[in-house]
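Hi everyone, thanks for making time this morning. I'd like to walk you through one model, starting with the whole chain and then moving to one pair of helices.

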Amino acid sequence: MLSSSVGYLILLIFGGGFTAVTIMMQRRQGKEMTAEQFSTAGRNVGVGLASASIIAAWTWAATLMMSSSTGYQYGISGPYWYAAGASIQILLFAIVAINLKKKAPNAHTFLEFIAQRFDVKNHRLMLGFALMTNIIVTAMVILGGAIALNSLTGMNIFVAAFLIPLTFTIYTMIGGLKASFVADYFNTVFIFIILFIFAAAVYYKFGVTSVYEGLKNLPSSQHMLTMHRCRAFCLG
């Protein structure tokens, strides 16, 4: 759809923009970047940044593909119940995090708590699980971003897979965890802007009735119940 130069420009703008914002925030705060500040963001992250970070982290390649797939198979109820199931994990994690904060207020990661609570073998086991999880998730996110840039701009997928982590590692090395929260905030803003634009464009161009009729004409019989719900939802 676009030229490959646009893909390079997107990486440059996002990476350079986040780096500039990170440097400006550090100069404005006037705080020395210590190891504690780097790894915990000074233990002073507001509700807004934390919520935006959760949304940005949860809206990854698997979420986009599975919610779209369930939406095509089951209609509106598909992505709705997919999101509802994912929200349970956030609620449980919040409860665990509050209790963990009370018992270990100076901990940086959950592995530090595991090391103090259990023996060395369990600590090494959980360390291996955490490392493998980070590797798998990072690979999936980088590959998903590279495929998206390749599909949108025709950018070489191997070059994109190399530049994506390189570009966004720079501001993270400068600002630490706080830079990641700020980047997640802007990512969340972009996500909502894109959602509102696409939703408004689709219903403005095709209309509610056309969207409903298009879903109704899908051949699968499993859409029958969903169509009644869609009609009640769309047409009131």
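I'll begin with the overall picture and then turn to a helix contact.

Please keep in mind that this is a predicted model. So what is the chain built from? It has ten helices and zero strands. Reading from the N terminus, the order of elements is α-α-α-α-α-α-α-α-α-α.

Next, burial and surface. The protein chain has 236 residues, and 22% of them count as buried. Its accessible surface is about 16,300 Å², with 71% of that belonging to carbon and sulfur atoms. As for contacts along the sequence, take those with a separation of 6 or more: 67% of them come from residues 24 or more positions apart.

Now to the helix pair. Two packed helices are described by the angle between their axes and by the distance between those axes. Here we have helix 6, residues 110-117, and helix 7, residues 120-153; their axes come within 8 Å and cross at roughly 160°. Angles over 145 degrees count as roughly antiparallel, which means that helix 6 is roughly antiparallel to helix 7. The crossing of these two helices is right-handed.

Which residues make the contact? On helix 6 they are Phe110, Leu111, Ile114 and Ala115. On helix 7 they are Asn122, His123, Met126, Leu127 and Ala130. And what is the chemistry of the contact between helix 6 and helix 7? Seven of its residues are nonpolar, two are polar and none is charged.

That's my tour, and I'm happy to take questions!

Notes:
Residues are numbered from 1 along each chain as its sequence is written. This is a predicted model: local features need pLDDT of at least 70, side-chain atom pairs count only at pLDDT 80 or more; totals for chains, interfaces and linings use all residues. Side-chain values use heavy atoms; hydrogens and water are left out. Axes are lines fitted to C-alpha atoms, for helices over the stretch in contact, and angles run from 0 to 180 degrees between N-to-C directions. Helices (H or I, at least four residues) and strands (E, at least two) are DSSP runs, numbered from the N terminus. Angles under 35 degrees count as roughly parallel, over 145 as roughly antiparallel, 65 to 115 as roughly perpendicular and the rest as oblique. A crossing is left-handed if the near helix is turned anticlockwise from the far one by less than a right angle, and right-handed if clockwise. Contact means heavy atoms within 4.5 Å. Ala, Val, Leu, Ile, Met, Phe, Trp, Tyr, Cys and Pro count as nonpolar, Asp, Glu, Lys and Arg as charged, and the others, Gly among them, as polar. Buried means under 20% relative accessible area, exposed over 50%, partly exposed in between (1.4 Å probe, protein chains only). Accessible areas come from the Shrake-Rupley method with a 1.4 Å probe; for residues, only the protein chains shown count as cover.
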